[in-house]
Amino acid sequence: MSIETFISLSTINELNNIINNRKKRIISEIWDKYLRQDGISIDELYSRYLNYNKVKIKVKKQKNDKTLISNYNPDKCMAKLWDNKTKQYYQCSRNPKDEDVSYCMTHIIKRNYGSINILTL
Ligand SMILES: [Zn+2]
């Protein structure tokens, strides 16, 4: 069983701070009781065991359609199709229904793979 949940970055960083503060208290107690007289620096212990790096998330850029559609032709139907053999999108090769419409009769209503986004071409 898996549970999917969304946690905000600020919550993750807040939890990280709580854990770090708890660790810091434990480290300083151990240092005070056992390590202080040996001349070990408490700052070194902090830097070794505490993690103050904030969690950052990289957002993946979406692949743009230009790289995916090799046969683009502005005069043809703007429906995007999927070729299962080449594993690539391609443009429908039929002519649009009429000048005011960008799709052929087949794709004027139903487009399983969406449309070619001209802005990304
Ligand atoms: Zn079409």
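Trainee: Where does Pro 74 lie?

Mentor: Pro 74 sits in the loop between α3 (65-68) and β1. Keep in mind that we're looking at a predicted model.

Trainee: Is Pro 74 buried or exposed, and why?

Mentor: The idea is to count neighbours: a residue with 12 or fewer other C-beta atoms within 10 Å is called exposed. Pro 74 has 10 C-beta neighbours inside 10 Å, so Pro 74 counts as exposed. Sequence and space are separate things, too: Pro 74 and Gln 91 are 17 residues apart along the chain, while their C-alpha atoms are 9.7 Å apart.

Trainee: Okay, let's zoom out. Which elements make up the protein chain, and how do they run?

Mentor: Read from the N terminus, the order is α-α-α-β-β. That comes to three helices and two strands.

Trainee: How do β1 and β2 pair?

Mentor: When reading a strand pair, look at the direction and then at the bridges. Here β1 (residues 80-83) and β2 (residues 88-91) are antiparallel, with four bridges. Try finding two of the partners in the model: Trp 82 is bridged to Tyr 89, and Asp 83 to Gln 88.

Trainee: And how many residues lie between the two strands of the hairpin?

Mentor: There are four residues between β1 and β2. Lys 87 is in that loop, and its backbone is worth a look.

Trainee: What should I notice about the phi of Lys 87?

Mentor: Start with the general idea: most residues other than glycine have a negative phi. Lys 87 isn't a glycine, yet its phi is positive, near 55 degrees. Lys 87 is also exposed, because just 7 other C-beta atoms lie within 10 Å.

Trainee: What about helices? How do I describe the way α1 and α2 cross?

Mentor: Picture a line through each helix, then ask how those lines meet. The axes of α1 (residues 9-35) and α2 (residues 42-49) come within 10 Å and cross at roughly 145 degrees. The crossing is right-handed.

Trainee: Which residues meet there?

Mentor: From α1 you have Lys 23, Lys 24, Ile 27, Ser 28 and Trp 31, and from α2 Ile 42, Leu 45, Tyr 46 and Tyr 49. Sorted by type, the contact has six nonpolar residues, one polar and two charged.

Trainee: Asn 17 is in α1 as well. Why does Asn 17 count as exposed?

Mentor: Same counting trick: Asn 17 has 12 C-beta neighbours inside 10 Å, so it falls in the exposed class. Asn 17 also shows how sequence and space differ, as Leu 50 is 33 residues away in sequence but 9.5 Å away in space, C-alpha to C-alpha.

Trainee: Which residues form the largest nonpolar core?

Mentor: To read a core, look for buried nonpolar residues that link up. The largest one has six: Cys 77, Met 78, Ala 79, Cys 92, Tyr 103 and Ile 116. Take Cys 92 as a case: leaving out residues up to four places away in sequence, Cys 92 touches Lys 76, Cys 77, Ala 79, Leu 81, Cys 104 and His 107.

Trainee: And what share of the protein chain counts as buried?

Mentor: Of its 121 residues, 7% do. As for contacts between residues at least 6 apart in sequence, 46% join residues at least 24 apart.

Key
Residues numbered from 1 in each chain as written. Predicted model: local features only at pLDDT ≥ 70, side-chain atom pairs only at ≥ 80, totals over all residues. Pairing = 2+ DSSP bridges. Core = buried A, V, L, I, M, F, W, Y, C linked by C-beta atoms within 7 Å. Buried ≥ 20, exposed ≤ 12 C-beta atoms within 10 Å, placed from the backbone. Contact = placed C-beta atoms within 7 Å. Axes fitted to C-alpha atoms, helices over the stretch in contact; angles between N-to-C directions. Left-handed = near helix turned anticlockwise from the far one by under 90°. Nonpolar A, V, L, I, M, F, W, Y, C, P; charged D, E, K, R; others polar.
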